[in-house]
Amino acid sequence: MAFVKTQKTKAYFKRYQVKFKRRRQGKTDYRARIRLINQDKNKYNTPKYRFVVRFTNKDIVAQIISATIAGDIVMASAYAHELPRYGLEVGLTNYAAAYCTGLLLARRVLKKLEMDGEYEGQVEATGEDYQVEPSETRRPFRALLDVGLIRTTTGNRVFGALKGALDGGLDIPHSDKRFAGFSKDGKQLEAEVHRKYIFGGHVANYMRQVEEDEPEKYQTHFSEYIKKGIDADSMEALYKKVHAAIRAEPSPVKSTKQPPKEHKRYNLKKLTYEERRAKLLERLNALNSSGGADDDDDDE
Amino acid sequence: MPAGHGLRSRTRDSFSRPFRKKGYIALTTYLRTYKIGDYVDVKVNGAVHKGMPHKFYHGRTGGVWNVTKRAIGVEINKQVGNRIIRKRIHVRVEHVMPSRCNEEFKLRKKKNDELKAAAKARGEIISTKRQPEGPKPGFMVEGASVPPWRLLLPSLAML
């Protein structure tokens, strides 16, 4: 073996300072988190709620979370995989689905706090910037958008979820600069374009284009859509129905599955000293017997 | 050039962050709440430059007299000449930790209240005063062996 100069000496490890665990895992942006969680000291224990939106490859997570020293507490959550309950079964991670998830979360929270009668939000999604008006009796539910680690570009799906929550009736400070349909040249939000995105218009356009140009690709790419009988023209009506269904019944459904009695083990169980020694002896014996019976070493 | 006496002079070590604890501050410092009357320790966090107290107050303990948006008013005693002045400073929460100086007192208070309530229910009067540790009782020394040469000492001649 050639002599390679060690890069990471013992001194390196001794002096190395590990980052916070969630930073090592690449999940939490602490700079943003500090600023989101910090509550005025003269407001004492009043919780500061974050409207957290995260995207996985196949799902959308929207939650309302408040922070405590013991850990964050989730007040309400909505997932894109709940949307089949309201009639949306395909395209669960697009802009329109994000809008639906945000809307679902907003209605859920308001229903939980019994404010859903007061704060209807914007029932007809028009795509233009809407801010909740405070009613006489109670102030609207305020949360701060927490995007996590995504790059906040114009038209990002996070802002679709934000729009859904706003139209649902939550008070989230925002600007319309990052909504889909904001034109940099005109420096204003084109409500029509935004509305198109909310109702999946961009997906519908692509469907039409692909259907015309490459029918085989259309069959493979949109196979689930075809199976459910959704085509480019019926998208808007579908989403309208989903919005209405969400507003009608936002409460979450508790799953009836029982948690498994025995917790499933995901990592190997640590062997005891005797077990490890026994294994080693076995290995050594096997080696020695196969390689010729010169020295039977029974020692480790 | 002589050494200056600026605000942060001689703080090279006391204001520096401890070994392998540099960088972002853990979130609990921001989540703690302080009420007027609580006792707090002032411990400067060199990573945060705003709202730092003067180096004199590093390591002092005082009571909270004011709570503002991001800072806390702490009342600390400072000896100036022949008297002690109660100084009121405002410090950002990153430079403050809740003090455990009266933790034992608070626990004792709670326990005493419970004992008194229980005694009242029973109808007897108890004293919850702390008693100082008395002299230790006498005891026999077991199994101690004395080397023979020490027996020659007059004090141990009786053994």
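Here are five short exercises on a predicted two-chain model, each with a worked solution.

Residues are numbered from 1 along each chain as its sequence is written, and chains are lettered from A and ligands numbered from 1 in the order in which they are written. Because the model is predicted, local features need pLDDT of at least 70 and side-chain atom pairs count only at pLDDT 80 or more, while totals for chains, interfaces and linings use all residues; side-chain values use heavy atoms, with hydrogens and water left out.

**Exercise 1. Work out the strand order of the open sheet in chain A, and find its edges.**

Solution.
- Step 1: fix the terms. Helices (H or I, at least four residues) and strands (E, at least two) are DSSP runs, numbered from the N terminus. Two strands pair if DSSP finds at least two bridges between them.
- Step 2: start with β1 (residues 50-55) and β2 (residues 60-67) of chain A. They run antiparallel, joined by 6 bridges. A hairpin of 4 residues links β1(A) to β2(A). Two partner pairs can be picked out: A:Val52 faces A:Gln63, and A:Phe55 is bridged to A:Ile60.
- Step 3: look at β4(A). This strand pairs with β1(A) in the parallel sense, over 3 bridges. Here A:Phe51 stands opposite A:Leu145.
- Step 4: write the order. The 4 strands run β3-β2-β1-β4, with mixed pairing.
- Step 5: name the edges. β3 (72-79) and β4 (144-146) of chain A each have a single partner strand, so one side of each has no neighbour in the sheet.
- Step 6: add the turn. Neighbouring strands are turned by 25 degrees against each other on average, direction ignored. Axes are lines fitted to C-alpha atoms, for helices over the stretch in contact, and angles run from 0 to 180 degrees between N-to-C directions.

**Exercise 2. Which strands of chain A does helix α5 lie across?**

Solution.
- Step 1: locate the helix. α5 of chain A covers residues 157-168.
- Step 2: find the strands. The helix lies across β1 and β4 of chain A. Contact means heavy atoms within 4.5 Å.
- Step 3: read the angle. α5(A) runs at about 140 degrees to β1(A).

**Exercise 3. Build the open sheet of chain B, pair by pair.**

Solution.
- Step 1: pair β1 (residues 39-42) with β2 (residues 61-67) of chain B. They are antiparallel, with 3 bridges. B:Tyr39 has B:Gly63 as its bridge partner.
- Step 2: pair β2(B) with β3 (residues 71-80) of chain B. This pair is antiparallel too, with 4 bridges. B:Val64 is matched with B:Val74. A hairpin of 3 residues connects the two strands.
- Step 3: pair β1(B) with β5 (residues 96-98) of chain B. They run antiparallel over 3 bridges. B:Asp41 partners B:Met97.
- Step 4: write the order. The 5 strands run β4-β3-β2-β1-β5, with antiparallel pairing.
- Step 5: name the edges. β4 (83-92) and β5 of chain B each have a single partner strand, so one side of each is left free of a neighbour in the sheet.
- Step 6: add the twist. It averages 45 degrees from one strand to the next.

**Exercise 4. Describe the contact between chain B and chain A.**

Solution.
- Step 1: count residues. Chain B gives 20 residues and chain A gives 20 residues.
- Step 2: take the area. About 2000 Å² is buried, and carbon and sulfur atoms give 64% of it. Buried area is the accessible area (1.4 Å probe) that two parts lose on being put together, summed over both.
- Step 3: find the main losers in chain B. B:Tyr24, B:Leu27 and B:Leu31 lose the most area to chain A, together 30% of what that side buries.
- Step 4: find the charged pair. The count is 1 salt bridge (a side-chain nitrogen of Lys or Arg within 4 Å of a carboxyl oxygen of Asp or Glu). B:Arg70 and A:Asp40 meet in a salt bridge at 3.2 Å, N to O.
- Step 5: find the top element. Helix α1 (residues 28-31) of chain B gives the most to the chain B side, with 3 residues.

**Exercise 5. What is the helix and strand content of residues 235-288 of chain A?**

Solution.
- Step 1: read the record. UniProt, in an unreviewed entry, lists these residues as "domain: Large ribosomal subunit protein uL18 C-terminal eukaryotes". UniProt positions are given in the numbering used here, feature names are shortened, and annotations may be inferred rather than shown by experiment.
- Step 2: read the content. The stretch is 56% helix and 0% strand.
- Step 3: read the span. The end C-alpha atoms are 71 Å apart.
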